[in-house]
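Work through the following exercises with the sequence and the model side by side, and try each task before reading its solution.

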Amino acid sequence: MTSTLERPVDSDVQVHQLGGRIGARVDGVRIAGDLDELTVAAVREALLRHKVVFFRGQHHLDDDDHIAFAERFGPLTTAHPTVNTGSRRIFKVTADKGMAANAWHTDVTFVDRVPAISVLRAVHLPPYGGNTVWANAVAAYDALPTSLKALVDDLWAVHTNSYDYARHDHDEESEEPDAHYSRADFASQVFETEHPVVRVHPETGERAFVLGHFVKTFTGLNTSESHAIFNVLQSRITRLENTIRWQWQPGDVAMWDNRATQHYAVADFGTEYREMRRITVAGDVPVSIDGRTSRVIKGDASAYARLDQLIT
């Protein structure tokens, strides 16, 4: 398989690497739906190489331009599999009680068709805090010792939205991070999917962990065994050298490869208001190292994303 990473694209886009294992800032791009093909290809190449890329100064961006830009990278999902956001495409994430998606996760792994790319823009930022951290799930796998690779290469896990990051188990009576969406909204339809713990990236051929907060248990293991192994593997992914922390500024946009990363929104902004808006590019069903695909246990995600529309 020829990796996309091996095919450089000539373009006026400037890519500035920010971390040794993850993250780059992309300059010279005014985000819109009418970007030329060369620019789109250069952004995609930067995304696949650096896993998350950031754009500064996109103050012109509105919902329509945000959607149109994301569509240049593939068919879009609906805003969320279970939550009625008031918009077909836009997932608005707001918080004013110091709460955010403060758990490490890959977006929407509780369905079989895991999203490919997320595009997040800052709409209203708190005066302090509210940063987001990303981790490279490819680098984490690559750095495993042989003994742990032998364990994870044939390991599978069940993911479910009953473990959605909107839950805050330390305070069962607390409101949701986003007052627009209740806990009942997130669990209005229950999804469970069995994924390989290590998937083969469909564009680069790299191997990446599929883990995060939506994991319920590992196939064939009991609860205590699952917790122990999860903690070992998850701590490998979130080692500081695998991460990058982004300090948001007005006009910022972040774009990440959801097939190769996890992220964590830091809840450190007190009772200040924070609003972000996310558009999601549909992804495929993960494939394990030995060629098996993820298996649906419960729930039909066809209304969230159609596999027959994916660009291959």
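The model is a predicted one, in which local features need pLDDT of at least 70, side-chain atom pairs count only at pLDDT 80 or more, and totals for chains, interfaces and linings use all residues. Residues are numbered from 1 along each chain as its sequence is written, and side-chain values use heavy atoms, with hydrogens and water left out.

**Exercise 1. Describe the protein chain as a whole.**

Begin with the secondary structure: the protein chain holds six helices and 16 strands, where helices (H or I, at least four residues) and strands (E, at least two) are DSSP runs numbered from the N terminus. Turn next to burial, for which 56% of the 312 residues count as buried; buried means under 20% relative accessible area, exposed over 50%, and partly exposed in between, with a 1.4 Å probe and protein chains only. The accessible surface, computed by the Shrake-Rupley method with a 1.4 Å probe, comes to about 13,300 Å², and 48% of that belongs to carbon and sulfur atoms. Finally, consider contacts (heavy atoms within 4.5 Å): among those between residues at least 6 apart in sequence, 84% join residues at least 24 apart.

**Exercise 2. Characterise helix α1, from its start to the residue that follows it.**

At the start of α1, a side-chain oxygen of D36 comes to within 3.0 Å of the backbone nitrogen of L38. The helix itself covers residues 37-50, and its 14 residues reach 20 Å from first C-alpha to last, close to the 20 Å expected at 1.5 Å a residue; the expected span is 1.5 Å times one less than the number of residues. Its buried residues are T39, V40, A42, V43, E45, A46, L47, L48 and H50, and their cover includes the strands β1 (14-17), β2 (24-27), β3 (52-55), β5 (117-124) and β13 (253-257). After α1 comes K51, with a positive phi near 75°.

**Exercise 3. Work out the strand order and the edges of the sheet that contains β7.**

Recall that two strands pair if DSSP finds at least two bridges between them. On this basis four strands form an open, antiparallel sheet in the order β11-β7-β8-β16. Because β11 (215-218) and β16 (295-298) each have a single partner strand, they stand at the edges, and one side of each is left without a neighbour in the sheet. From one strand to the next the twist averages 30°, an angle taken between N-to-C directions, from 0 to 180 degrees, of lines fitted to C-alpha atoms. Strand β7 (residues 156-160) pairs with β11 over three bridges in the antiparallel sense, and A157 has F218 of β11 as its bridge partner.

**Exercise 4. Place T132 in its sheet and list its surroundings.**

T132 lies in strand β6 (residues 132-136), and β6 belongs to an open antiparallel sheet of three strands in the order β12-β6-β14. The edge strands, β12 (243-246) and β14 (261-265), each pair on one side only. Five bridges join β6 to β14, and A135 stands opposite Q262 in β14. As for T132 itself, its relative accessibility is 3%, so T132 counts as buried. Leaving aside neighbours within four places in sequence, T132 is in contact with I244, R245, W246, W248, H263, Y264, A265 and R274. The side chains of T132 and R274 are joined by a polar contact of 3.3 Å, that is, a pair of N or O atoms within 3.5 Å, of which, within protein, one must be able to donate a hydrogen and the other to accept it, while residues adjacent in sequence count only if both atoms are side-chain atoms.
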